[in-house]
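Please open the structure in a viewer and keep the selection panel at hand. The tour below proceeds by selection, stating at each stop what is to be found there.

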Amino acid sequence: MKEKKARPTKRKPLNEAFDRLLERWGPQHWWPGETDIEIIAGAILTQNTAWANVEKAIRRLKEEKALSLEALHRTPLETLAQWIRPAGYHNVKARRLRAFTTLVTQAYEGRLDKLLAEETDELRRVLLRVNGIGPETADSILLYVARRPVFVVDAYTRRVLLRHRWIRESDSYDEVAALFRAQLSNETALFNEYHALIVALGKQHCRPTPQCGECPLRELLPPGGAA
DNA sequence: CACCAGGCAAGTA
DNA sequence: TACTTGCATGGT
């Protein structure tokens, strides 16, 4: 007969981590944006960019009444680029916004709801085909706009997990996401809240120069501590 | 002043 | 497949 392990269930530190993060910061009610198109634009604009700068660009788009799929699609690229300048990479990001509106316009009759009605895996593939939408941006749209249970892996996620030695540098995007899928129940609301809390933690404590003293996860560090 | 921020695509080997 | 580089602004 096979020997039974002393612990009845496999350890799931990411569950414990979630409880602590929620206790420390409370529900984050993400994404920080009102409409679907605002969330999508924000997801593209925040690529490798501080959110404070994205807010300036979003505010300008609102002032220009350009935060709609139609307006984003018809505004000349040069004009759009100037409006979103504070978010950085403005020429690239203007093209990326346009690439998205072109997808919806050409393949979905200009209707976001038709795009969002696609089945999850198909929707992800469609989004990834858009130039300027990679795994994180696609998953952000899937989770925060289409409300599908997918986990968003961003730079903060990697840094937090790396500090706790739950992943390695070389782990792929999907390997990191798979860690969460394996340990958490498959619920949109949970994935939503978890990612938002990781960003809160990341901004507060998990900087390049760490402030681990007040980190609610610090006792979850394995023997040897953070790198 | 240097470094950093909620990526991604295109080019090279 | 695995690296490298360009893209750009504003905050610390």
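**The surface near DNA strand C**

Begin by selecting the residues around DNA strand C: Asn 48, Thr 49, Ala 50, Ala 52, Asn 53, Arg 85, Pro 86, Gly 88, Tyr 89, His 90, Asn 91 and Val 92. The model on display is a predicted one. Colour this selection by class, and five nonpolar, six polar and one charged residues appear. Next, display helix H3 (51–63) and helix H6 (90–107), each of which supplies at least two residues of this surface. The largest share, three residues, belongs to H6.

**The surface near DNA strand B**

Move to DNA strand B, which has 27 residues around it; Gln 47, Asn 48, Gly 134, Thr 137 and Ala 155 come nearest. Two or more residues each are given to this surface by helix H9 (135–144), helix H10 (155–163) and H12. Which of the elements gives the most to the surface near DNA strand B? It is H9, with four residues. Coloured by class, the surface near DNA strand B shows 13 nonpolar, 10 polar and four charged residues. Asn 48 deserves a label in the viewer, since it appears among the residues around DNA strand C and also among those that come nearest to DNA strand B.

**Chain A as a whole**

Now select all of chain A and switch to a cartoon representation. The chain contains 12 helices and zero strands, and its C-alpha trace spans about 65 × 40 × 30 Å along the principal axes. Of its 227 residues, 30% count as buried. Among contacts with a separation of 6 or more, 62% join residues 24 or more positions apart.

**Two domains and their contact**

Colour the chain by domain: domain 1 covers 13–29 + 151–220, and domain 2 covers 36–144. Their C-alpha centres lie 26 Å apart. Seven residues from domain 1 and six residues from domain 2 form the contact. On the side of domain 1 that touches domain 2, helix H12 (residues 188–204) contributes the largest share, three residues. That side of domain 1 divides into four nonpolar, two polar and one charged residues.

**Helix H1 and Gly 26**

Select helix H1 (residues 13–25), a run of 13 residues. From its first C-alpha to its last it reaches 18 Å, close to the 18 Å expected at 1.5 Å a residue. Extend the selection just past H1 to Gly 26, where phi is positive, at about 75°.

**Leu 69 and its surroundings**

Centre the view on Leu 69, which lies in helix H4 (residues 69–74). Is Leu 69 buried or exposed? It counts as buried because it has 22 C-beta neighbours inside 10 Å, where the cut-off is 20 or more. Leaving aside residues up to four places away in sequence, Leu 69 touches Ile 37, Thr 101, Val 104, Gly 110 and Leu 112. For a distance check, pick the C-alpha atoms of Leu 69 and Arg 181: the two residues are 112 apart along the chain, and these atoms are separated by 32 Å.

**Confidence**

Finally, colour the model by pLDDT. Chain A averages 93, and 93% of the residues score at least 70. Residues 1–5 are to be treated separately: their pLDDT is below 50, and beyond near neighbours in sequence this stretch has zero contacts in the model. Where pLDDT is low, predicted coordinates should not be read in detail.

Terms used:
Residues numbered from 1 in each chain as written. Chains lettered and ligands numbered in written order. Predicted model: local features only at pLDDT ≥ 70, side-chain atom pairs only at ≥ 80, totals over all residues. Buried ≥ 20, exposed ≤ 12 C-beta atoms within 10 Å, placed from the backbone. Contact = placed C-beta atoms within 7 Å. Domains from an automatic or database assignment. Nonpolar A, V, L, I, M, F, W, Y, C, P; charged D, E, K, R; others polar. Near = placed C-beta within 6 Å. pLDDT = per-residue confidence, 0-100. Expected span 1.5 Å × (residues − 1).
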